[in-house]
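The following exercises invite the reader to examine a protein chain step by step. Each task is followed by a worked solution.

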Amino acid sequence: MARWCYRHRLVVLVLWAGALFGLGVTASSAGTNYAEVFSLPDTDSKRAHDLMRQAFPERAGDTDTVVWKTDEGTVRDAAVRSRMEEALAEIGRMEGVGAVAGPYDGRGAAQISEDGRIAYAQVTFAEQADAVPKELVRDVVDTAQAAAGDGLQVELGGQAVTRVQEPPTGTAELVGILAAAVVLFVAFGSLFAMLLPIVVAVFGVAGGMFGTQLISHVTDVPELASLLATLIGLGVGIDYALFIVTRHRKGVLNGKDPEEAAVAALNTSGRAVLFAGGTVCIALAGMLVTNLRFLDGVVIGTSLTVVLSVLAAITLLPALLGVLGHRVLSRRQRRKLAASETKGEQVSGLAARWSATVQRRPRAVAAVAVVLMAALAVPLLSLRLGTVDQGNDDASTTTRKAYDLLAEGFGPGFNGPLQVVVDGEAPTALIRAVEDTEGVAQVAAAPPANGVSVIQVVPTTSPQDVETDRLIDTLREDVIPAAGVDAHVGGVTAVSKDFASVTGDRLPLFVGTIIGLGFLLLLLAFRSLVVPLTAAAMNLLAAAASFGVLVTVFQWGVGLDVLGLGKEGPIASFLPIIMLSLLFGLSMDYQVFLVSRMHEEWVHTRDNARAVRVGLAETSRVINSAALIMVCVFLAFVLSGDYGAAMAGVGLAAAVALDAFVLRTALVPAVMHLLGRSNWWLPAGLEKRLPHLAVEPKEEGDAAPVPAPEEKAVDGAASVVHGFVRTPEGEPVRGASVTLLTPGGRQLDRVASLADGAYVVAVPSPGTYLLAVSASPYGARAAHVTVGEGPHVHDVELTPGGVDVVN
């Protein structure tokens, strides 16, 4: 498939461009039909909501609030009243505004604070917040705030108002792409190579967004799905293309024809991308086991974007590589290649030295990594799930100012009133019992409507305060049962509490599901029980540390001012499930790319220390580059203007950074060095029953696969000779020709040394052999090697111009 896409690149480009254009036109014509479907079956707040719909079926539109405060006098003064009545009347005449309930009519006396300095009016739109035109909301905001001045402050709050104060759509995505472009340019040194991952990611994300818009017309998809799909799509799209382009450039630098290099890259890294994309989709699908139906649309949107990103990486990318040819390299690399001065990119000195350090001191490295992760995870013990509201907005926003004014004038609980909904007429004893309950500031009982009574309860504490949660429990467990009536506690605050409870109850099942599926996938891929167990433990450690960072920043408020994210509060209830899905999927990506290289080396040499060292040295740079790109993309969503999206962005950025820079680069290889050959243990009975799955087959031109000594009955190979080819200074020599011959001169095996100078040749049986090594501009060396029953280690040192021949 890669070869076909490379040779028919114009056809592939036209098909992709046409498909994207068609999807875009269709989605634009159809528009969006996002449905904020939120339901918590079998909860007290859900029963209260159902009774409220029965009592007040006409309350369909979004209700926002206009709040004003006067510095002198009261809001009843003629000067203030005339200005605000005129503004409210003008708002009421706007098309799309259903009703305006102000404090100056006979029923609005309660909408003025006790000191008379603060008042509010409620503006009810004809549609829900997402369907209200932004132009209408801006007109409402401008009209209301035009009345301010001369000691009168006017602010607005509500969901519709929140939408018009957000930054322009696409700001976060653009900043993330620009940051990723800088990292890619530094990594590749080539403008064209830098653009390839970005183009592939944009095609995948755009296709996913358009597809999600169309799907929203046939099933319930929340608007959150589009935001999360963009977040994850940009990250994985750029990363997957980065892995493939890196492998392709390696092949071209080794002297391969660009077409063959592209085919080899897709047949190696492309397979790993397919496997990694599948693990992300499986982790996302784990959300389905929570039985929270509003997450179904999130799973659909994000999974679709991941699938399209993978398809773009394995079809569109080889076509683009065909268009670029050798221009995928920098000019300097092309000049050196033309002059035959280069034979591939060497493993960087830093990566090789760090890999050697981890091998020499695995206990120290593992101890430092564990202490760091444990310290970051400690704040997780004080995690409190809840809802984020406009009290968490930045202090400069009108929604936050309106929230604070309402709290100042009517009490902190006014922003999150509770509703005690009674099936039938509310008895006087219940109303009095609620009034006498500790933590209740105000109670207002409405007359029955359609057989349902509603008691409005204003707590003395804010919606996010833990005391408000205790008040809800008291009403449900003590006050209502004592009254002997069929009543339920509802309202936004009660729904948030129930959501946090449901999430906490179902989280263990969810985590167990995605860990179990990940374990099975890694078991199939690497034929080991220990590697999947290690990966599961590391994923849990990364999750704990990343949530510890979230608690520190968003719950304790450390650094919120620097990020410009408003006030501290509880962690959003929906975040653990969504964030853990993405985190487990992305962690599996890095685990696959790291361990697949180690596993490949283990299969060839049966030397665990060498397998871990070589795997880390050859993959750490690309994994770290990919993680840095992901961190930039996620952190850019701090600019989205959405507090929940910013929280998810910071949490995922912390998770990816810790996972790549601490776990995969330090703790995983250190633990694998300590475990030794046990890493690759698999019971023989299980080995026979498991299907074989090749994640990343050997790239052509690398050392030939060599079976283990115990497999000699199958193919005749008894053992191996392996080691390193280096210069006198210790620098690895890549591409050196290593030949194993019989004492009589017959060639038995021939390979080229790898990026770190490593080589492996197969030995048919114990005995003495001749090993010859040569590489331009170095001289040739040869030596007799005596091989016993096990692998034999023989390092070779090449000097420029030197010759050492054994006859």
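**Exercise 1. The chain as a whole**

What percentage of the 807 residues of the chain count as buried? Describe also the secondary structure and the dimensions of the chain.

*Solution.* The model is a predicted one. Of its 807 residues, 55% count as buried. The secondary structure consists of 25 helices and 18 strands. Along the principal axes, the C-alpha atoms fill a box of roughly 115 × 55 × 45 Å.

**Exercise 2. A negative patch**

Identify the residues that form a patch of negative charge on the surface, and determine which helix gives the largest share of them.

*Solution.* Step one is to list the members: Glu86, Glu90, Glu135, Asp139 and Asp142 gather in this patch on the surface. Step two is to assign them to elements. Helix 4 (78–92) and helix 5 (134–145) are the elements that give two or more residues to the negative patch. Step three is to weigh the contributions: helix 5 provides the largest share, three residues. Asp142, for instance, is found in helix 5.

**Exercise 3. A nonpolar patch**

Determine which residues form a nonpolar patch on the surface, and state where Phe185 is placed.

*Solution.* The patch is formed by Phe185, Leu191, Phe192, Leu195 and Val199, and together these residues have about 410 Å² of accessible area. Helix 8 (residues 191–215) supplies the largest share, four residues. Phe185, by contrast, has its place in helix 7 (residues 171–188). The relative accessibility of Phe185 is 42%, and therefore this residue counts as partly exposed, since that class lies between the limits of 20% and 50%.

**Exercise 4. A positive patch**

Which residues form a positive surface patch, and how is Arg332 classed by its relative accessible area?

*Solution.* Arg331, Arg332, Arg335 and Lys336 form the patch. Arg332 is located in helix 12 (residues 331–338). Because its relative accessible area is 48%, Arg332 is partly exposed.

**Exercise 5. The two sides of a helix**

Explain why the buried residues of helix 16 are said to lie on the same side of that helix.

*Solution.* First, the buried residues of helix 16 (residues 428–435) are identified as Leu430, Ile431 and Val434. Next, their directions are considered: they cover an arc of only 100 degrees around the axis, and so they lie on the same side of helix 16. A general rule is useful here: an α-helix has 3.6 residues a turn, so residues three or four places apart point the same way. Finally, the other side of helix 16 is inspected, where Ala429 and Arg432 are exposed.

Definitions and conventions. Residues numbered from 1 in each chain as written. Predicted model: local features only at pLDDT ≥ 70, side-chain atom pairs only at ≥ 80, totals over all residues. Heavy atoms only, no water. Patch = residues over 30% accessible without salt bridge, like charges linked within 9 Å, V, L, I, M, F, W, Y side chains within 5 Å. Areas by Shrake-Rupley, 256 points an atom, 1.4 Å probe, with all protein chains shown as cover. Salt bridge = Lys/Arg side-chain N within 4 Å of Asp/Glu carboxyl O. Lys, Arg positive; Asp, Glu negative; His and termini not counted. Charge placed at Lys NZ, Arg CZ, Asp CG, Glu CD. Buried < 20%, exposed > 50% of the residue type's maximum accessible area, 1.4 Å probe, protein only. Arc of directions from axis to C-beta.
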